[in-house]
Amino acid sequence: MENLDEIVCTCLGVTGKMIKDAVDAGAGTVEEVQDATGAGTICGSCLDEVSRLVDIFVSERSK
Ligand code: FES
């Protein structure tokens with residue numbers, strides 16, 4: 001399983017856990033997670049990973 005303490009977005013120090021929390025709080029897209037956490041809004045190099053995690057957490061939430 002993912003290491004949720006790992007920093008996904010180094011620009012802003014956003015961890016996997018913070019992304020999961022945003023999804024659990026209702027964010028369902030990368031854009032909504034960006035609004036909630038700021039992840040991916042500076043250099044954008046983490047966006048692929050943010051997108052991958054959002055997909056995972058959304059599918060887990062709906063179980
Ligand atoms: S590492 Fe996420 S915006 Fe730069």
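**Close-up views of three packed helices**

**View 1. Val 50 and its contacts from elsewhere in the chain.** Setting aside neighbours within four places in sequence, Val 50 touches Val 8, Cys 9, Ile 19, Val 30, Val 33, Ala 39 and Gly 40. Please keep in mind, here and in the views that follow, that this is a predicted model. Val 50 belongs to helix H3, which spans residues 47–61. Is Val 50 buried or exposed? It counts as buried, because 21 C-beta neighbours lie inside 10 Å, and 20 or more are enough for that label. Another residue to look for is Val 14: it is 36 residues from Val 50 in sequence, yet the two C-alpha atoms are 9.7 Å apart in space.

**View 2. Helix H1 packs against helix H3.** H1 covers residues 16–24, and its axis lies 9 Å from that of H3, at an angle of about 45°. That angle makes H1 oblique to H3, and the crossing is right-handed. Which residues of H1 meet H3? On the H1 side they are Gly 16, Ile 19, Lys 20, Val 23 and Asp 24. Their partners in H3 are Val 50, Leu 53, Val 54, Phe 57, Val 58 and Arg 61. By residue type, this contact of H1 with H3 is made up of seven nonpolar, one polar and three charged residues. Val 50, the centre of the previous view, is thus seen again here as one of the H3 residues that meet H1.

**View 3. The buried residues of H1 and what covers them.** Here we stay with H1, in which Gly 16, Met 18, Ile 19, Lys 20, Ala 22 and Val 23 are buried. What covers these residues? The cover includes two strands, E1 (7–9) and E2 (14–15), as well as the helices H2 and H3. Follow the chain on from the helix and you reach Gly 26, which sits just after H1 and takes a positive phi of about 125°.

**View 4. Helix H1 crosses helix H2.** The axes of these two helices come within 10 Å and cross at roughly 110°. This makes H1 roughly perpendicular to H2, and the crossing is right-handed. From H1, the contact takes in Met 18, Ile 19, Ala 22 and Val 23, while H2 supplies Val 33, Ala 36 and Thr 37. Sorted by type, the residues of this contact come to six nonpolar, one polar and no charged.

**View 5. One face of H2 is lined by buried residues.** In H2, the buried residues are Val 33, Gln 34 and Thr 37. Why do they line one face of the helix? Looking down the axis of H2, they fall within an arc of 105°, so they share one face. These buried residues pack against E2, H1 and H3. Just after H2 comes Gly 38, a residue with a positive phi of about 85°.

**View 6. Ala 36 in H2 and its alanine partners.** Ala 36 is another residue of helix H2. Apart from neighbours within four places in sequence, it is in contact with Ala 22, Ala 25 and Ala 27. Ala 36 has 17 C-beta neighbours inside 10 Å and therefore counts as partly exposed. For a sense of scale, its C-alpha atom is separated by 17 Å from that of Asp 48, a residue 12 places along the chain.

**View 7. Thr 41 and Gly 44 in the loop between H2 and H3.** Thr 41 is placed in this loop, which follows helix H2 (30–37), and Gly 44 is found there too. Are these residues exposed or partly exposed? Thr 41 counts as partly exposed because 15 C-beta neighbours lie inside 10 Å. Gly 44, with 12 other C-beta atoms within 10 Å, is exposed. For Gly 44, look for Cys 9: the two are 35 residues apart along the chain, and their C-alpha atoms are separated by 8.7 Å. For Thr 41, look for Gly 13, which is 28 residues away along the chain, with a C-alpha separation of 12 Å.

Key
Residues are numbered from 1 along each chain as its sequence is written. This is a predicted model: local features need pLDDT of at least 70, side-chain atom pairs count only at pLDDT 80 or more; totals for chains, interfaces and linings use all residues. Helices (H or I, at least four residues) and strands (E, at least two) are DSSP runs, numbered from the N terminus. Two residues are in contact if their C-beta atoms, placed from the backbone, lie within 7 Å. Axes are lines fitted to C-alpha atoms, for helices over the stretch in contact, and angles run from 0 to 180 degrees between N-to-C directions. Angles under 35 degrees count as roughly parallel, over 145 as roughly antiparallel, 65 to 115 as roughly perpendicular and the rest as oblique. A crossing is left-handed if the near helix is turned anticlockwise from the far one by less than a right angle, and right-handed if clockwise. Ala, Val, Leu, Ile, Met, Phe, Trp, Tyr, Cys and Pro count as nonpolar, Asp, Glu, Lys and Arg as charged, and the others, Gly among them, as polar. The arc is that of the directions from the helix axis to the C-beta atoms.
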